[in-house]
4 protein chains.
Amino acid sequence: MGFCREQLERMRPLWDRMLHHPFLLSTRDGTIARETFGTWMAQDHLFIEAAVPFLGAMIARAPRAHRETLVAAIGALMEELELFRERAEAAGVELEGTEPAFICHAYIQYLHATAARASYPEAFTVLYVAEKAYLESWSVVRAGIERGSPWMPFVENWTSEGFRDYVGWLEAELDRLAADVGGEERSRLERYFERTLKYEIAFWELAVQGARWPGLDEPTADPVSREG
Amino acid sequence: MGFCREQLERMRPLWDRMLHHPFLLSTRDGTIARETFGTWMAQDHLFIEAAVPFLGAMIARAPRAHRETLVAAIGALMEELELFRERAEAAGVELEGTEPAFICHAYIQYLHATAARASYPEAFTVLYVAEKAYLESWSVVRAGIERGSPWMPFVENWTSEGFRDYVGWLEAELDRLAADVGGEERSRLERYFERTLKYEIAFWELAVQGARWPGLDEPTADPVSREG
Amino acid sequence: MGFCREQLERMRPLWDRMLHHPFLLSTRDGTIARETFGTWMAQDHLFIEAAVPFLGAMIARAPRAHRETLVAAIGALMEELELFRERAEAAGVELEGTEPAFICHAYIQYLHATAARASYPEAFTVLYVAEKAYLESWSVVRAGIERGSPWMPFVENWTSEGFRDYVGWLEAELDRLAADVGGEERSRLERYFERTLKYEIAFWELAVQGARWPGLDEPTADPVSREG
Amino acid sequence: MGFCREQLERMRPLWDRMLHHPFLLSTRDGTIARETFGTWMAQDHLFIEAAVPFLGAMIARAPRAHRETLVAAIGALMEELELFRERAEAAGVELEGTEPAFICHAYIQYLHATAARASYPEAFTVLYVAEKAYLESWSVVRAGIERGSPWMPFVENWTSEGFRDYVGWLEAELDRLAADVGGEERSRLERYFERTLKYEIAFWELAVQGARWPGLDEPTADPVSREG
């Protein structure tokens, strides 16, 4: 059994938690508030914009055999950005000038920090988990969403044949990379797998929590009474 | 007027909000719960451990005249880690095996991402704001804390003559760097200044909120009822 | 007058020296030995392969407005690699398994080191000078080469309308970037400009010197008799 | 048998070639021209200055257990720079304003590129080979140099007990790192080992060749007559 399947099984409870996130279920059921979906759109747009330099940094260290696919993946990101702009206009969501929510900003920093500091297999793990999570999350939505939903184009984007093939390639290549690392690096791959999944969950949570920044947009917790 | 003073004035309301954070006031007044202070200790210990590679990355790009001080700053970080271990043992706080809270992890990623991607003056801005914030925050605590408090050694560490000199050096050098950048980079320095301050506030908030991860350690928000 | 024109004038003697390099003139005149051209082909193929991760690293730090063109530039590099493979087969030159000559290896390290450590405008300067040098160098060859020469496709590649437009874009953007940097960074841009030009000259020299490595493939110099 | 011993045996002929380089033998025998030694001094001074950011970048990615020693190694580099300044003044060698020779510049780029792009074990290999080469090279000189030679302090620096211990630590740690990498990375470690050794040889060669830049400070080769 390859690394990816092994990790997906190890992480099953957390992975299922992600797939049952209220954001996904309410988008599937058509009960999600337009404002909530709009929050996600504006923040995910920022995230995808940050994924372009992340992939650039991956190309900077990729083995030759990975380059072509990663370059094509940047192209796909640029088309996704176009999709966001088109959908945002259709739905009256403002993208320009959106400030990143704390969770979005954090996830973007995680991408950049990983690209710069982690080994290539470690960074590849982050890329795989993020894309695999989107394939499966939007497949959940696809199972029940009305064809005429304004959010249908997002569903189609991340459940398309092309995207499925890309995730399949990532999976096969990560299995191959993971099969050739030593024990310490293998442990680190597992940590990156888990952490990326947690960031994915946090990102869905961001959509429903709104774009707060700890200690700024919410009442400050009181350290004295906490134990009282 | 130099860049630092200018930014400190621009950011005054937010800066004051930081200096009045309940974590600081309750530590000053001796009313803070030991568990709350312990949460901060364990997380800040992780943060300082991450500051070592951050400073390493700064040295990797520093002008010659900055190297000696930055190398000395790594030495100071290592002594701080020793202080944490000693205090943790004295106070019965567990440091080993602590998992980073979301906010701590995010701030660490921000450090690493900045070191890797930002220009040297931008990364230097982050370093300055983080150290200046500690000097002033712990000066607030110093003003009222009892001499015999178990947390007094932290106060002494970040309000010492040596630390004050270091922050003074950072301030003078950042003023000098900022005076020689173009208009676009200057705007980015201001953004880094503001963002770092927000991360500092988030970090104090972490101590009182506890080490939660969005969507995992708290009830998930309900996207339907939010607008209801 | 923009930065590029200013630097091209400052560097005129060295730039002309490059444009009159025997490699270019003998390729133009059809007198170049096939083996010599083959040495260049195999080494430049290695260099272009290294330019892919260099551009990836540029994308990792580029402002949004630069991304699309830089992604397209990677695509162009991949087509160049295809051209090399096709020409190598036609001319009986072995590309696979070629070890980098010292000069080629050094220039590649310079690319990677610059991408990782220099500011974005500095790295952009290296990119501009390398591409501008190729546009003008191959324009020299174009002026006299026989249409039926087996090396004509290289000439066409680097003197095409599309390549000219790309270099024009680089020039305009570098002028813009350079207009907004401070005095110290401006000096560094000038140094990068000059150094890259020297590497370009060294690369032409490599073709005619052959792929030697200092102290290994040549008789070692005698330090005693040197002053004798 | 550990990785280091294995590689030292594999590379024995090349390693011996380095240890018998005329620069070392003539320094040992006291026949080296002062100008030749001065060329090396000025260029090695530049190299050591570049090793400081290289070690900074290593600290940026080092496992916790390596940090202390690497920080101490930066301190040792700073003392070496002091030694160079003192010896340069004593011997009338000009250090300030020295431009890097091509070989020196190339080796520095190799350091920086490796620090930025290679895995940590790969970068650690470069560090080990460079330091091990100096320990053994200067041990060759030590075997015959007159105690009163003005170059004796360099010999003492790189054959001291402390330096020997440091190289021993590097060797043990590299053996440990190499024992835990996969097959592909292991092959890359071997390549880095060999390449670094070749750069070391090139650097001794630089001292005796002088600070030329290909195609600039020497007559340009004639591509036509080369095969004639």
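What follows is a walk through a predicted model, beginning with the relations between its chains and moving on to the packing of helices inside chain B and chain C.

Consider how the copies are placed relative to one another. Chain B is superposed on chain A by a rotation of 180°, with 0.0 Å of shift along the rotation axis and an RMSD of 0.0 Å, and the two copies are thus related as by a two-fold rotation axis. The surface involved is the same in both copies, given that 100% of the contact residues of chain B recur in chain A. For chain B and chain C, a turn of 180° with a shift of 0.0 Å along the axis lays one on the other, again with an RMSD of 0.0 Å. Here, too, 100% of the interface residues of chain B are also interface residues in chain C, so these copies meet through the same surface.

The interface of chain B with chain C can be described in further detail. Eleven residues of chain B are in contact with eleven residues of chain C, and the area buried between the two chains is about 850 Å², with carbon and sulfur atoms giving 27% of that area. On the side of chain B, the residues that lose the most area to chain C are B:Arg61, B:Arg117 and B:Asp180, which together account for 48% of what that side buries.

Within chain B, helix 1 (residues 3–10) packs against helix 9 (residues 161–178) at an angle of about 100°, with the axes 7 Å apart, which makes helix 1 of chain B roughly perpendicular to helix 9 of chain B. Helix 1 of chain B contributes B:Phe3, B:Cys4 and B:Arg5 to this contact, while helix 9 of chain B contributes B:Glu171, B:Leu174, B:Asp175 and B:Ala178; sorted by class, the contact has four nonpolar, no polar and three charged residues.

Another pair in chain B is formed by helix 4 (residues 34–59) and helix 5 (residues 64–91), whose axes come within 10 Å and cross at roughly 160°. Because angles over 145 degrees count as roughly antiparallel, helix 4 of chain B and helix 5 of chain B are described as roughly antiparallel to each other. Their crossing is left-handed, and the residues of their contact divide into 18 nonpolar, two polar and six charged.

In chain C, helix 6 (residues 102–117) and helix 10 (residues 183–209) pack at an angle of about 155°, with their axes 9 Å apart, and helix 6 of chain C is therefore roughly antiparallel to helix 10 of chain C. The crossing of helix 6 of chain C and helix 10 of chain C is left-handed. The residues of helix 6 of chain C that take part in the contact include C:Tyr107, C:Tyr110 and C:Thr114, and among those they meet in helix 10 of chain C are C:Tyr199, C:Phe203 and C:Leu206. By class, this contact of helix 6 with helix 10 of chain C has ten nonpolar, three polar and two charged residues.

Note on methods:
Residues numbered from 1 in each chain as written. Chains lettered and ligands numbered in written order. Predicted model: local features only at pLDDT ≥ 70, side-chain atom pairs only at ≥ 80, totals over all residues. Heavy atoms only, no water. Axes fitted to C-alpha atoms, helices over the stretch in contact; angles between N-to-C directions. Helix = DSSP H or I, 4+ residues; strand = E, 2+ residues; numbered from the N terminus. Parallel < 35°, antiparallel > 145°, perpendicular 65-115°, else oblique. Left-handed = near helix turned anticlockwise from the far one by under 90°. Contact = heavy atoms within 4.5 Å. Nonpolar A, V, L, I, M, F, W, Y, C, P; charged D, E, K, R; others polar. Least-squares fit on C-alpha atoms with pLDDT ≥ 70 in both. Buried area = accessible area lost by both parts, 1.4 Å probe.
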